[in-house]
Amino acid sequence: MRDVSIAGVGSTSFGKLPDSGIVELATDACREALADSGIPRERVQALYLGNFIGERLADQGALAPIVARRLGLDGIPATKVEAACASGGIALRHGYLTVTAGIHDVVLVAGVEKMTDIPTGDVTAALATAGDEGLEMRTGLTFPGAFAMVMQAHMARYGTSREQIAAVSVKNHDNGAANPKAQFRKPTTIEEVVNSRFVAEPLRLFDCPPISDGAAAAVVCTADIARRYAAPSVRILASGQGSGPVALSGMDELTSFPATVRAAAEAYGQAGIDPGEVDVAEVHDCFTIAELVAIEDLGLVARGEGGRAVEAGETAVGGRLPVNPSGGLIAKGHPVGASGVGQVCELVLQLRGEAANQVDGARIGLAHSLGGCGAAATVHILAHD
Amino acid sequence: MTSPPRLTVYRCRRDGQLVMVRGDACPTCSRSDLEPHEVSGEGFIVVWTTIHIPPTRYANEAPYTVVLVELEDGLRVMGRLLGDAGRGLGSQVRLDHVDPERGPVFEAVDSFTA
Ligand SMILES: [Zn+2]
């Protein structure tokens, strides 16, 4: 197993980007990442591209070879990775695996989604394909609905309050306000969150991420190559992945996703660290409650303590463990196939000391991406090289 | 009075475990040696949600309530709730019918008139 680094990152803004199609979004992010890395384009040996619903919403399959050819990388193996909203994170994992295994030396990883200017009901239906259609989604359950159920279970089991859950949205909007790539650039308040309109009771609009366009990319390569080209590079210390029940009716506990627990255990083991050593985390806050479940499943806070920790400011920038300083999916935006790579871009900037909401002295970062309502998860641990 | 509707699921021939879908691995023995099996449609709401932003196919039905029900046999089933009056954690429900598109549809059990 070889040491693997991220030599460069690139990202479009997340938001409504009417002037770019899905292919242009991806190529923009890839070109930025290549330029950031300093590695010549000709050295790229493979492309892994995360995308979830491009076939449904942008009428485009075969996305990876199209993007490779537009980048002038015609002929290289180009593979689309789909794992619902974890598509981008798991694309990164494939890049990592091929480099650490010695199959490739330089791999381009990207994620992309194009979701705006489509009727909300169609976006809702497309996202719902990450659930179990035959058992559950045919009832009319939606993704916000599934997480509304998780929210109820967490409140009932741990006494988590509506205001504690809303505090996730407030924190992430505060962070997004300072991130130039974020879709939402203004703060919100607990009152605004708990009075926003229902999407799926008891979940409200400000508990949800926006519908977004966007792409993000990273150049993954051996640590040796990264040191040669990239002034500051960031090591990938670990990559974990797990899967879990797709249907809520198959979950032992509605307040924990075994896919995350498994991915985290693998990643902490590989990195040889415990959760207390993480300096900054970007976790999958596809809804406010999802951030609480994530930080508990990742062992960053004790079980059932997520709400209290967020309310106490422990996860704010400047707190004990800053979570989603980028604004997270809720404020930065959630172009679903891109989000997992977007998190890694943000962490690389944190570890290089160049982030918008810079965490002082950050040396170890954790990225967590979740697909479906716990169907798939991946955890990456990065370190300042 | 007609007998209350029951739900057809699958039962492991080896150890009696219930699963929802033909072809599922049994959670106990991991095999898939299953036979159809009818269970009571009575149970309680584990969690519920009322959908205000629906997928396109149910655009004209919102708001509607979806419930995760734990049946008497312990099996958990996702379904619709008729209306939203009986929604509540732990509330008793029973199967009203199985809609060919929407799946199981439950109704609240009014304990005062039962
Ligand atoms: Zn069995």
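Contact here means that heavy atoms lie within 4.5 Å of one another. The model described below is predicted, and the report moves from the overall form of chain A to a few of its loops, with one position in chain B.

**Chain A as a whole**

The secondary structure of chain A consists of 14 helices and eleven strands, and its C-alpha trace extends over about 55 × 45 × 40 Å along the principal axes. For 385 residues, a compact globule would be expected to have a radius of gyration near 21 Å, and the value of 19 Å found for chain A agrees with that. Burial accounts for 65% of the 385 residues of chain A. When contacts between residues at least 6 apart in sequence are considered, 78% of them in chain A join residues at least 24 apart. The accessible surface of this chain amounts to about 12300 Å², with 50% of that area belonging to carbon and sulfur atoms. As for charge, chain A carries 30 positive and 44 negative side chains, and the centres of these two sets are 4 Å apart.

**A:S249 and its partners in two chains**

A:S249 sits in the loop of chain A that runs between β8 (234-243) and α10 (258-271). Its relative accessible area is 16%, and because buried means under 20%, A:S249 counts as buried. Once neighbours within four places in sequence are set aside, the contacts of A:S249 include A:L135 and A:E136 in chain A, together with B:L68, B:R76 and B:V77 in chain B. With A:E136 there is also a polar contact between the two side chains, at 2.7 Å.

**A:P210 and sequence-distant residues**

A:P210 belongs to the loop between β6 (203-204) and β7 (214-222) of chain A, and with a relative accessible area of 11% it is buried. Apart from neighbours within four places in sequence, A:P210 is in contact with A:Q183, A:F184, A:L329, A:I330, A:G333 and A:H334. The C-alpha atoms of A:P210 and A:A331 are 7.5 Å apart in space, although 121 residues separate the two in sequence.

**Backbone geometry**

Most residues other than glycine have a negative phi, and most peptide bonds are trans. The table gathers positions in this model that depart from those patterns.

| Position | Feature | Value |
|---|---|---|
| A:E201 to A:P202 | cis peptide bond | omega about 5° |
| B:A62 to B:P63 | cis peptide bond | omega near -5° |
| A:A62 | positive phi, not a glycine | phi about 50° |
| A:A84 | positive phi, not a glycine | phi near 50° |

The prolines of both cis bonds are placed in loops: A:P202 is in the loop between β5 (198-201) and β6 of chain A, while B:P63 is in the loop between β4 (42-51) and β5 (64-71) of chain B.

The two alanines with positive phi are likewise loop residues, A:A62 being located between α2 (54-57) and α3 (63-70) of chain A and A:A84 between β3 (78-81) and α4 (87-100) of chain A. Their surroundings can be described by accessibility: A:A62 is exposed, with a relative accessible area of 52%, whereas A:A84 is buried, with a relative accessible area of 7%.

Note on methods
Residues are numbered from 1 along each chain as its sequence is written. Chains are lettered from A and ligands numbered from 1 in the order in which they are written. This is a predicted model: local features need pLDDT of at least 70, side-chain atom pairs count only at pLDDT 80 or more; totals for chains, interfaces and linings use all residues. Side-chain values use heavy atoms; hydrogens and water are left out. Helices (H or I, at least four residues) and strands (E, at least two) are DSSP runs, numbered from the N terminus. The radius of gyration is taken over C-alpha atoms; the globule rule is 2.2 Å times the number of residues to the power 0.38. Buried means under 20% relative accessible area, exposed over 50%, partly exposed in between (1.4 Å probe, protein chains only). Accessible areas come from the Shrake-Rupley method with a 1.4 Å probe; for residues, only the protein chains shown count as cover. Lys and Arg count as positive and Asp and Glu as negative; His and the chain ends are not counted. The place of a charge is taken as NZ of Lys, CZ of Arg, CG of Asp or CD of Glu. A polar contact is a pair of N or O atoms within 3.5 Å; within protein, one must be able to donate a hydrogen and the other to accept it, and residues adjacent in sequence count only if both atoms are side-chain atoms.
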